[in-house]
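Got the viewer open and a hand on the mouse? Here is a walk through the model, one selection at a time.

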Amino acid sequence: MTGAYPAILRHLNTGQSSDPVYTLSPDFTVGREPKLCQLVLDSARYGEVSRQHLKFQAIADVDGAAWQACDLNSANGTYINQQPLVGCQTLQTGDRIRLGRNGPEFIFEATTTPRGTVPSGNRRTGNAGTTRPPVPAPVVSQADTDALSLSQLLPIVSKGRELSSKAYLIPGVITVSFVVLLFLANGVPELFNPVLALYVSSGACYFVYLLCGKTKPWWLLVGSALMTVVLLLSPVLPLFILVFRSILPGSIPQNIESIGFMELLVRMFFGAGLMEELLKAIPIFLGVALGHRLRSPQRERWGVLEPLDGILIGVASAAGFTLIETLGQYVPDIINSVSMQGGQDLGQLVGLHLLIPRILGSIAGHMAYSGYFGYFIGLSVLKPRSRWTILAIGYLSSSLLHALWNAIGILSFFLLAVIGVLSYAFLGAAILKARELSPTRSQNFATRVSRIP
């Protein structure tokens, strides 16, 4: 198109002595795919950027020409002046454009010129119609190269405000705090074990939180875990046991080797799967109720309005369940059993050895089942006409995964690992689909863990 104003993008905070500058052409795409983008960003450095993330277009307006930016349905969204970009937006000189919540940032600069001016940035065309513009190299003098600033000598002076959003400051502070607590509790297993279990389970929850990419108040997630803890310590648990293990065929014998695998699987399905998944889902259903009753913006922050909400609260609830089950049942049982044979010290050591894999494994266990069921609960809110079908499928499938994990251990540890990987894969797939369905997808900050070429 002719008539557009010459325009450039200035890439900020690259660590170079001067900001790289890129001249825009009428259809200028930014992303990680070299064959499709004119400005190609390194995937190892900019993990939030999609393969085709953003396009700049020269358009006609009342003054003759202008530029607009269009988000290309990117995974992590685009922000213009800290506001999420939905579709396309006409740009003004000085607009700050960020790819993803914490991704690379640019400043758009354009110069008003008479009608009929062709935008600068002559393009060259390669094979298969690939368009690659020249990227002007910044002019850097020797004086600029040798210059030494206070911010270079004291990075915290210039980067203090970015620490919490870009350098995992808060997780670092929490980690250091737990390290100090572990030193103080060293030699006191009654304190050391809960502190270690709390830190490991919090890390697992944080990992899922980064994968989900939706902001939820930390106190809401902690409150969901505490609610499940309270339910387990209240008369609610005996009531559940009565229904699922006495009325329904969910009683589990002490000697599980005395029954066949299929019978054990059925008993685990009722007595562990259906019972425990329903109990852990209570905070999620409460979130659904809050989403129906509250008004904006509280309903979006506190309620369950979509699958991502259900996954986050379900995983938090499962963390509370795992802590109580591990610290209140499995670890004390193994400590008492081993202590009777080899002494108290050996019992504490074996108990610690059990605690670590049980808490770490919760991301492929209780967290996976509850997060997966939470996906279906949130989906039922998005699609109320199919609510009961969705809930039935989610409840039964998550309970079956749970029962398989509990029952398969008597056959093979290899098969146990397979079920654990399968459960995590189910959770991961649910998270990816939930991000795709999310009404707030443009604001998602989800982290890519592996590099995508």
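Start with a helix pair. Select Phe207, Val208, Leu211 and Cys212 in H6, then add Tyr424, Ile431 and Arg435 in H16: these two groups meet each other. Colour them by type and you'll find six nonpolar residues, one charged and no polar ones in this contact of H6 with H16. Now show both helices in full, with H6 running over residues 189-212. Their axes come within 9 Å and cross at roughly 35°. By the way, what you're looking at is a predicted model.

**Zoom out for a moment**

Show the whole protein chain as a cartoon. How many helices and strands does it have? The chain holds 16 helices and 13 strands. Of its 453 residues, 43% count as buried. Switch on the surface if you like: the accessible area comes to about 23500 Å², and 63% of that belongs to carbon and sulfur atoms. Taking the contacts between residues at least 6 apart in sequence, 64% of them join residues at least 24 apart.

**Back to H16, from another side**

Keep H16 selected and add helix H12, residues 307-342. The axes of these two come within 8 Å, crossing at roughly 145°. On the H12 side, pick out Pro307, Leu308 and Ile311; on the H16 side, Leu427, Ala430, Ile431, Ala434 and Arg435 make the contact. Sorted by type, the residues of the H12 contact with H16 come to seven nonpolar and one charged, with no polar ones. Notice that Ile431 and Arg435 turn up here, and that both are also among the residues of H16 that meet H6.

Next, slide to the loop just before H16. Ser412 sits there, between helix H15 (387-408) and helix H16 (413-437). Show its side chain and draw a distance to the backbone nitrogen of Leu415: the side chain of Ser412 reaches that atom at 3.3 Å. Is Ser412 buried, exposed or partly exposed? With a relative accessible area of 22%, Ser412 is partly exposed.

**On to the sheet**

Hide the helices and look for an open sheet of six strands. Its order is S2-S1-S11-S10-S7-S8, and the pairing is antiparallel. The edges are strand S2 (21-23) and strand S8 (83-84), each of which pairs on one side only.

Select strand S11, residues 105-110. Why call this strand largely enclosed? Because five of its six residues are buried, S11 is largely enclosed by the rest of the structure.

Then bring in the neighbours of S11:

- Strand S1 (residues 7-12) pairs with S11 in the antiparallel sense over six bridges. Click Arg10 and you'll find it opposite Ile107 in S11.
- Strand S10 (residues 96-99) also runs antiparallel to S11, joined to it by three bridges. Here Arg96 is the one whose bridge partner in S11 is Ile107.

Follow the chain from S10 to S11 and you go round a hairpin, with five residues between the two strands. Stop at Gly100 in the turn, which has a positive phi of about 85°.

Now select Arg98, which is found in strand S10. What does its side chain touch? It makes a polar contact with the side chain of Glu105, at 2.8 Å. Since its relative accessibility is 17%, Arg98 counts as buried.

From Arg98, step across to strand S7. Tyr79 stands opposite Arg98. S7 covers residues 78-80, and it pairs with S10 over three bridges in the antiparallel sense.

**A loop with two unusual stops**

Move on to the loop between S7 and S8, where Asn81 lies. Phi of Asn81 is near 55°, a positive value in a residue other than glycine. Gln82 is in the loop between S7 and S8 as well, and its phi is near 70°, again positive in a non-glycine residue. Turn the surface on here: Asn81 counts as partly exposed at 38% relative accessibility, while Gln82 counts as exposed at 73%.

**Last stop**

Finally, select Pro297, in the loop between helix H10 (282-293) and helix H11 (298-302). Look at the peptide bond leading into it: is it cis or trans? From Ser296 to Pro297 the bond is cis, with omega near 0°.

How values were computed
Residues are numbered from 1 along each chain as its sequence is written. This is a predicted model: local features need pLDDT of at least 70, side-chain atom pairs count only at pLDDT 80 or more; totals for chains, interfaces and linings use all residues. Side-chain values use heavy atoms; hydrogens and water are left out. Helices (H or I, at least four residues) and strands (E, at least two) are DSSP runs, numbered from the N terminus. Buried means under 20% relative accessible area, exposed over 50%, partly exposed in between (1.4 Å probe, protein chains only). Contact means heavy atoms within 4.5 Å. Accessible areas come from the Shrake-Rupley method with a 1.4 Å probe; for residues, only the protein chains shown count as cover. A polar contact is a pair of N or O atoms within 3.5 Å; within protein, one must be able to donate a hydrogen and the other to accept it, and residues adjacent in sequence count only if both atoms are side-chain atoms. Axes are lines fitted to C-alpha atoms, for helices over the stretch in contact, and angles run from 0 to 180 degrees between N-to-C directions. Ala, Val, Leu, Ile, Met, Phe, Trp, Tyr, Cys and Pro count as nonpolar, Asp, Glu, Lys and Arg as charged, and the others, Gly among them, as polar. Two strands pair if DSSP finds at least two bridges between them.
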